[in-house]
Amino acid sequence: MEILIAKNYEEMSKLGYDVIKKVVTSKPNAILGLATGGTPVGLYKNMIEDCKNGVVSYKDISTINLDEYLGLDGNDNQSYRYFMNTNLFDHIDIDKKNTYLPNGKAEDRQAECERYSKLADEMQQDVQILGIGSNGHIAFNEPGTAFDSRTHVVDLTENTIKDNARFFDKIEDVPTQAFTMGISNIVNAKKILLLASGANKADAIYQTIKGTPSENCPASALQNHPDVIFVLDEAAASKL
Ligand code: F6R
């Protein structure tokens, strides 16, 4: 396990990007596991800038995302597909047909979960980017989720709905269910890059890195992974 401490969000984003840049330049057809949320947006901006400057190309890169809200179409501006298009894919030279997210509108949920887990197995992320919830969740694997879980439908906790409400006009608009990769689909990645910024993540980061691995803190499953890099700003690292 490697832990890098950055002064602030900007430096965290830059250090995180350096990890991705190394993977993409050494393997031009790499598979990137991507996350949504506020945390990776700065890293995505670094990717966009270097791509625009011709330093790095994504034309042979494929991506697979962690999760998607249930019931939202990819054109819905609150869907994670829309988030990924507007925050990354629309601005780099990636072929969008090589970018994968769960289908939020899938009618047969079980079949969609099985399809997505199989896809994740087949692709096997060269590097998986993760944020972390203030309760220690990774993707939408809330406390209590088994470490051997595969893609499943989750009822979002009140805590997560509250955290995500900042992206919506009102809290009632936040979807209450999502498709999420399971913890086993995440730790199957060859390398994990977890980013965290802000004092509200400090307890979760402490439990993740220093706590005994337990389902109470889903991110603590990463302690068993052979190649994990944590890039934390000073506030998120303040309890270590
Ligand atoms: C996003 C995801 C979530 C977020 C986490 C942190 O695809 O799966 O686990 O990484 O909720 O969110 P932010 O970055 O908004 O603090």
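Two strands count as paired if DSSP finds at least two bridges between them. Keep that in mind as we walk through this structure, which is a predicted model.

Let's start with a pair of strands in the middle of the story. Strand β9, residues 192-196, runs parallel to strand β10, residues 228-233, and 5 bridges join the two. You can follow the pairing residue by residue: L194 stands opposite F230 in β10, and I192 stands opposite V228 in β10. Strand β9 also pairs with β6, again in the parallel sense, over 3 bridges. In that pairing, I129 stands opposite L193 in β9.

Now step back to see the sheet these strands belong to. It is an open sheet of 7 strands with parallel pairing, in the order β1-β10-β9-β6-β2-β3-β5. At the edges stand β1 (2-6) and β5 (99-100); each has a single partner strand, so one side of each is left without a neighbour in the sheet. As background, strands of a sheet pair through backbone hydrogen bonds, either parallel or antiparallel.

What covers the two faces of β9, and are its residues buried or exposed? On one side I192, L194 and A196 are buried, and on the other side L193 and L195 are buried too, which leaves both faces covered. In total 5 of the 5 residues of β9 are buried, so the strand is largely enclosed by the rest of the structure. Helix α7 (residues 202-210) lies across β1, β9 and β10, and runs at about 155° to β10.

Next, let's look at some aromatic rings. The chain has 4 aromatic pairs. One of them joins Y69 and F140: the ring centres are 5.9 Å apart and the planes meet at 40°, a tilted arrangement. This pair links distant parts of the chain, with Y69 in strand β4 (residues 67-69) and F140 in the loop between β6 (127-130) and β7 (152-155), 71 residues apart. Both partners are hidden from the surface: Y69 is buried, with a relative accessible area of 2%, and F140 counts as buried at 3% relative accessibility.

Y69 has another ring partner in F168. Their centres lie 6.0 Å apart and their planes are at 70°, so this pair is edge-to-face. Because Y69 lies in strand β4 and F168 in the loop between α5 (158-164) and β8 (177-180), the pair ties together parts that are 99 residues apart in sequence. F168 is buried, as is Y69. Together with Y80, the residues Y69, F140 and F168 form one aromatic cluster.

Another spot worth a visit is E112, in helix α4 (residues 109-123). Why does E112 count as buried? Its relative accessible area is 7%, and buried means under 20%. Leaving aside residues up to four places away in sequence, E112 touches P102, N103, A106 and F179.

Finally, here is the chain as a whole. It has 7 helices and 10 strands. A compact globule of 240 residues would have a radius of gyration near 18 Å, and the chain, with 16 Å, agrees with that. Along its principal axes, the C-alpha trace spans about 45 × 45 × 35 Å. Buried residues make up 56% of the 240 residues. Among contacts with a separation of 6 or more, 79% are between residues 24 or more positions apart. The chain exposes about 10500 Å², and carbon and sulfur atoms supply 47% of that area.

Definitions and conventions. Residues are numbered from 1 along each chain as its sequence is written. This is a predicted model: local features need pLDDT of at least 70, side-chain atom pairs count only at pLDDT 80 or more; totals for chains, interfaces and linings use all residues. Side-chain values use heavy atoms; hydrogens and water are left out. Helices (H or I, at least four residues) and strands (E, at least two) are DSSP runs, numbered from the N terminus. Contact means heavy atoms within 4.5 Å. Axes are lines fitted to C-alpha atoms, for helices over the stretch in contact, and angles run from 0 to 180 degrees between N-to-C directions. The radius of gyration is taken over C-alpha atoms; the globule rule is 2.2 Å times the number of residues to the power 0.38. Buried means under 20% relative accessible area, exposed over 50%, partly exposed in between (1.4 Å probe, protein chains only). Accessible areas come from the Shrake-Rupley method with a 1.4 Å probe; for residues, only the protein chains shown count as cover. Rings of Phe, Tyr and Trp (its six-membered ring) pair if their centres lie within 6.5 Å; planes under 30 degrees apart count as stacked, over 60 as edge-to-face and the rest as tilted.
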